[in-house]
Amino acid sequence: MSYWFRNDNRLPQERLAAASYVIVGMITLLLLGFWKLQVIDSDKYGVMAERNRVRSIPIIAPRGRMLDRDGRVLVDNYPSFSVLLLRDDMAAVEKNLPAIADGLGLSLDDLKEQLSNTGALPKFQPIVIKPEATQGDVAFIESHRADIPLLEMLMVHRRRYLPGGFMAHASGYVGEVSEQQIEASNGKYRPGDVAGKSGLERQYNDLLVGTDGMRRVIVNSIGKEVGRLTQQEAIPGKQIQLTIDYDLQQIAEEALAGKKGAVVALDPSSGEVLAFVSRPAPDPNDFAIRVSKEEWQRLNSDADRPLLNRVTQAQLAPGSVFKIVMATAMLEEKVPPESYTSFCPGYATFYGRQFKCWVYGKAGHGVMDVHNAIVHSCDVFFYNIGMRMGIDRIAKYAKMLGFGAKTGIDLPSEEPGLVPSEEWVQRVFHRKWYPGETISVSIGQGAVIVTPMQVAYMIGGLASGGVFRQPHLLKDAQFQKSAGAGTGEPANNGSGASPAQVSLLRERRVNISESTVEKVTQGMYGVVNEGGGTAAAIKLQGIEFCGKSGTAQVIGENAKTRFGKGEKKFNNNAWFVGYAPRRDPEIVVAVLVEEGGHGASASGPIVRDIIKAYYDKKAKKGQGQTTVELKRYDLDAAPKAQIVERSKPTVKPEQAAAAVEPVSAKKPQPE
């Protein structure tokens, strides 16, 4: 027995104790780990588990619609689908990215760039990788739920504009927000969100944009929806009503088709814009999804500049329209006296240089007073006025009547034009003003440049007795009177209305004598209604139609002869501004046709047709007729809803157009 006991290999007590401590330590660590998982990190892992089971899908709020002054839809929405990429599991995203790009017809490089641009966003926040899903995309997503559970479809409301660039520069367009906009929005915007980029869409973006909702759904292991939890409904954006009259807009659009130019119609008594056309124009529907880089480059490099809003941004010499400013300055300053007359042999010499009248080579105008000089648009008369007044006095009245400053219309990026002066030429060119330059400015050539909006604003305010009301496109805006009334300085420096809402609009009053207003408006009445008037061919029976033509040179006659007289790009720009009635007008229309030739023949008929249509519609107003029948998408229907017809008691646009004499190609008239 002792032998066996002597050879009994027992573990030393020290080793046994050490093993026990190790076992106890491991159990303690496990218990601590369980405690950390179950107590300390329970919320964290609970959220992760919830994310695997519950998915939050945004409900995109539709933007508010735009209506015309009679309640007809101009800008609407239609239902569509975007493709979302869920980025919770970035390893799975990287693995499936080639298959996703191939299945959705996307460039793999573009997809990787999108991911890198959104790297700073929380991983649980999905991103839009394809704004407009096709039926093939929907089929691909549904058929690959099991192997690619990273894709989700999001119902959105795309912007729908009237086709063909109708009212494009007024309505503007929407587009996907940029990285800079996202960073500056303080969490308001997410990648893939849409915001106004130009026009009214941008100006009133805060009104038009709604508040997105959220839908929480239960999904299974392959990402398929198996149940629904809570849902927060989206709040649609506010609907806005515009001052635009669809019928007048339609006539203006058709009249300017195929031309480069602008049309703007105002109600000077309220500042309401009745028609607003700039051509050429892009189709805003092309921007509603996502415009390609190639298309964007093409639009920016196009020589006709379709992205330029010519109504508020085309700064060009006004030609003889500026003679209205000259006549007003002469009558107010009495320099020379009101009784002054000038003989026009077809040319005149100033400072050793010959300046021609537009009738040079045919015959002179003979003896001209201020009334006949307006009616016949005599250059020589206004050359003499300019020489006697000097540039600074001319600049004073041009600015008083609204040139050289923004009108304050509620659109972004309005241009102020330019009224030259001795101070301006010294500040910009560091030289003195030469008296010979005043001669050119006195007939609307030289350094003076204006926009069509300024021309309409100036004529409307002058014919209203010196009351200038801020132009605006949002209906029912309220006015406040200028604190500086009578100073001749613009009460609004052109900042326009607030992006979120229209603040009180400005009414500016300029001290112009009654006799001056009477004589100038009588002259503009004679332009259209007196024999020999430069626009006598477009007279309207029964309507006190007044106006002023303008033909502005693009380059001088000598340069035109040198570079090629037949080239269209050197043709004169054609202006015409008309209004009715003669005093306190209800409507004023300014038309610019670039490279159009003579103002009275190229632009005058467009003004005539719009004013005639205005009075025809006014006469029929009591019959309760409208003149349009629009389609729109039913936003309350299923996602794949078809276009539904919403008709009202209407007269078709073509029937309305038949009541208006069409613009015809008449033999060119001077001025």
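A salt bridge is a side-chain nitrogen of Lys or Arg within 4 Å of a carboxyl oxygen of Asp or Glu. The views below come from a predicted model, and the whole structure holds 35 salt bridges.

**View 1. Glu201 and Arg159 form a salt bridge between a helix and a strand.** The closest N and O atoms of Glu201 and Arg159 are 2.8 Å apart, which is within the 4 Å cut-off for a salt bridge. Glu201 belongs to helix H9 (residues 199-203) and Arg159 to strand S5 (residues 151-161), so this pair ties together parts that lie 42 residues apart in sequence. Are the two partners buried or exposed? Glu201 is buried because its relative accessibility is 0%. Arg159 has a relative accessible area of 2%, so Arg159 is buried as well.

**View 2. Glu152 and Arg145 meet through their side chains.** The contact is a salt bridge, with 3.7 Å from N to O. Glu152 counts as buried because its relative accessibility is 11%. Arg145 is also buried, at 12% relative accessibility.

**View 3. Arg582 and Glu518 link distant parts of the chain.** Their side chains meet in a salt bridge, with 3.0 Å from N to O. Arg582 sits in the loop between strand S21 (573-580) and strand S22 (587-593), while Glu518 is part of helix H21 (residues 514-529); the two residues are 64 residues apart. How do the two partners compare in exposure? Arg582 counts as buried, at 12% relative accessibility, whereas Glu518 counts as partly exposed, at 29%. The cut-off explains the two labels, because buried means under 20% relative accessible area.

**View 4. Several charged residues are joined in a network of salt bridges.** Which residues take part in this network? The members are Asp68, Asp70, Arg72, Asp245, Asp247, Lys617 and Lys621.

**View 5. Five acidic residues form a negative surface patch.** The patch consists of Asp109, Asp110, Glu113, Glu179 and Glu183. Which helices each supply at least two of its residues? They are helix H5 (108-117) and helix H8 (179-184). Helix H5 gives the largest share, three residues. One residue of the patch, Asp110, is located in helix H5. Asp110 is partly exposed because its relative accessible area is 43%.

**View 6. Cys344 is in no disulfide.** How many disulfides does a search of the whole structure find? The search finds zero. For Cys344, the nearest cysteine sulfur is that of Cys378, at 3.7 Å. A disulfide needs two cysteine sulfur atoms within 2.5 Å, so a separation of 3.7 Å does not qualify. Cys344 counts as buried, at 1% relative accessibility. Another cysteine, Cys546, is also buried, with a relative accessible area of 0%.

**View 7. Ile587 is a buried residue in strand S22.** The relative accessible area of Ile587 is 0%, so Ile587 counts as buried. How far apart are the C-alpha atoms of Ile587 and Gly271? They are separated by 9.9 Å, although the two residues are 316 residues apart along the chain. Strand S22 also appears in View 3, where the loop holding Arg582 runs between strand S21 and strand S22.

Terms used: Residues are numbered from 1 along each chain as its sequence is written. This is a predicted model: local features need pLDDT of at least 70, side-chain atom pairs count only at pLDDT 80 or more; totals for chains, interfaces and linings use all residues. Side-chain values use heavy atoms; hydrogens and water are left out. Buried means under 20% relative accessible area, exposed over 50%, partly exposed in between (1.4 Å probe, protein chains only). Helices (H or I, at least four residues) and strands (E, at least two) are DSSP runs, numbered from the N terminus. Patches are made of residues with over 30% relative accessible area and no salt bridge: like charges are joined within 9 Å, nonpolar side chains (Val, Leu, Ile, Met, Phe, Trp, Tyr) within 5 Å. Accessible areas come from the Shrake-Rupley method with a 1.4 Å probe; for residues, only the protein chains shown count as cover. Lys and Arg count as positive and Asp and Glu as negative; His and the chain ends are not counted. The place of a charge is taken as NZ of Lys, CZ of Arg, CG of Asp or CD of Glu.
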